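Trainee: I should like to go through the reasoning behind the labels attached to this model. May I ask how each one is justified?

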Amino acid sequence: MNTKINKIFAAGLVVCGVAAAFTSCSKDDNRIPNVTDAYCPSAIEMQVPADMQKLIYTDNTGADVLPLVVGESVQLDYTLEPEDATFSSVVWSSSDENVATVADGMVLALSEKGLGYTMVTVAPTGMYAGSGVLSTLKVKVVSHLQLASSITLSAAETEVYEGEQIALDYEIEPEATTYRTLEWSSSDQSVATVDSKGVVTGVSTGGTATTKQVTITGKAMDGSGVSASIVITVKRLVQPQSITLDQTYSMDNGYAFALNEQGVNLSFSTVPAESTKSLIEWSSSDESIATVEAGYVSFKGFGEVTITATCPETGNQSSIKLNIPAGLLRETFHNPNHYSIYNAAQSGNGTSSSHEWHDGYLTITTYKVNATTERADLKWWDTPATLHAGNYPIIAIKIDDVKDLYKADGVTARNLNFDVVGKSESGADFKALGNGNNKYTGDLKCSDGSHVFIYDLSTLSFGTGGVAPTNESISFNTFQLKYADIKTIDHQITYNLYWFQTFKSVDDVKKYVTDVDGLTYEVIK
């Protein structure tokens, strides 16, 4: 349970304009000398004594709750706005007087069952119903004080910079513990302070140390002595004087990113080296192509974009040009949190296809089509997948060929079929790359036993649309490689998919196999 102390406040704005006429009779005349406007209160705020206010927590409904034990009482008060409101009397009420009563702000816990809630309300006299000018407090009455047995502290981050804040969360056990708030303390307030809600603020550490540590402790309010602590690191703010972005991925060095890769975390160095990285300011020359935050660039569209980092104190800058060209697809399975291809989740005869991610490849499990046939398709889920025959005409897939892998098991056939549906920039339809099974234009058998199947967009026709144009891109909302008709085998099998990429030429594919994968190959087709 994430609990906190909240200030009790409810306010509504209802102005009751009341004209009070006063008459005065004299021997000279009988006219009305003046008319005075009187106004109802516009807001009311309930006041809880300081020693009880620290016990108030927020429940899962969002209400502020004050726990009381049977027989316990508390004197509440209130303030009105404006202070000189004409009508200053108030009405106190309890929604369930079997749980607790209230008279002139004195709340008395009555419930003998040890259970119950009541809403205590204070409102200006005559404005109680429907005015919106009222203040409420939820009172929970229990039969006895349930002590805390354990406390657990946690935080999304345990590091904070000078002047910054982090909020601590906590759990109190058992769940029925009466007092759900903690008394907070810091082992060194010159390093960090903590408020009544568990919010830690880093204080200037001074000296030359870049970090200092402090212990924050939360203690139960019920006298049980139960407590928990957490160590927070306070980091000194060090202004960067200069920054240099690593140019490895710069388009000036010939590098290009694929849109489906989603983004890149830029590497950089600063002077001084211990500079506070969060002080660096980042910008993009075109946020329709890429945005940047804390050095992480998120890809949004195709094109060329410049990312700039600025040191705010000195104005020193460093930039990198990135290229995200249309038609480049690259999936090498090095990101466990995002990859574009997965199995098509098919099933049959009591079996299901599946996939398992590994760093650098996927392992695909087939499903049983019938007694002698297996199948497991691959689907590009991060659509649209965009091809551009003028920029990257070669599609290449490094994958196990089950005809080789399971030859000893009797597999003699399989079909690869590109099932795609898309439109070009000019609106032309393109469907079924190659228009049939096994229409790949090249096949390299690698020294690790896998195959690289190649589809050349510059020569291979679609079933609909003909050969892809070289002057515009085609975006596919359906992009699926069917790996079907695996015969003859009577049980589920697995195969690996290593990468899926587009290239500018077949020579680039071969160079990738040798230089990046470190393999040799045999040209089968």
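Trainee: Where does Tyr 161 lie, and what makes Tyr 161 count as buried or exposed?

Mentor: Tyr 161 lies in strand 14, residues 159-161; strands are DSSP runs of E with at least two residues, helices are runs of H or I with at least four, and both are numbered from the N terminus. Buried means under 20% relative accessible area, exposed means over 50%, and partly exposed is in between, with a 1.4 Å probe and protein chains only. Tyr 161 has a relative accessible area of 14%, so Tyr 161 is called buried. The model is predicted, local features need pLDDT of at least 70, side-chain atom pairs count only at pLDDT 80 or more, and totals for chains, interfaces and linings use all residues. Residues are numbered from 1 along each chain as its sequence is written, and side-chain values use heavy atoms, with hydrogens and water left out.

Trainee: How far apart are Tyr 161 and Ser 204 in sequence and in space?

Mentor: In sequence they are 43 residues apart, while their C-alpha atoms are 8.6 Å apart.

Trainee: Why is the pair Glu 159 and Lys 235 called a salt bridge?

Mentor: The term requires a side-chain nitrogen of Lys or Arg within 4 Å of a carboxyl oxygen of Asp or Glu. The closest N and O atoms of Glu 159 and Lys 235 are 3.5 Å apart, so the pair meets the rule. This pair links distant parts of the chain, Glu 159 being in strand 14 and Lys 235 in strand 21 (residues 227-235), 76 residues apart. Glu 159 is partly exposed, at 44% relative accessibility, and Lys 235 is likewise partly exposed, at 22%. By this rule the structure has 11 salt bridges.

Trainee: What makes Glu 261 and Arg 330 a salt bridge?

Mentor: Their N to O distance is 3.0 Å, and the pair therefore satisfies the definition. Glu 261 is in the loop between strand 22 (242-245) and strand 23 (263-265), whereas Arg 330 is in strand 30 (residues 330-331), 69 residues away. Arg 330 is buried, because its relative accessible area is 16%.

Trainee: How do you know that Lys 511 and Asp 515 are separated by about one helical turn?

Mentor: They are four residues apart in helix 3 (residues 506-515), which means a separation of about one helical turn. Their side chains also meet in a salt bridge, at 2.8 Å from N to O.

Trainee: How many disulfides does a search of the whole structure find?

Mentor: The search finds zero disulfides, the term being a pair of cysteine sulfur atoms within 2.5 Å. As for individual cysteines, Cys 311 is buried at 0% relative accessibility, and Cys 446 is buried at 4%.

Trainee: Which peptide bonds are cis, and why is that worth noting?

Mentor: Most peptide bonds are trans, and most residues other than glycine have a negative phi. Among the cis bonds are the one joining Val 271 and Pro 272, with omega about -5°, and the one from Thr 383 to Pro 384, with omega near 0°. Pro 272 is in the loop between strand 24 (268-271) and strand 25 (281-284).

Trainee: What makes Ala 345 notable in its phi, and is Ala 345 buried or exposed?

Mentor: Ala 345 has a positive phi of about 50° although it is not a glycine. Ala 345 counts as exposed because its relative accessibility is 57%.
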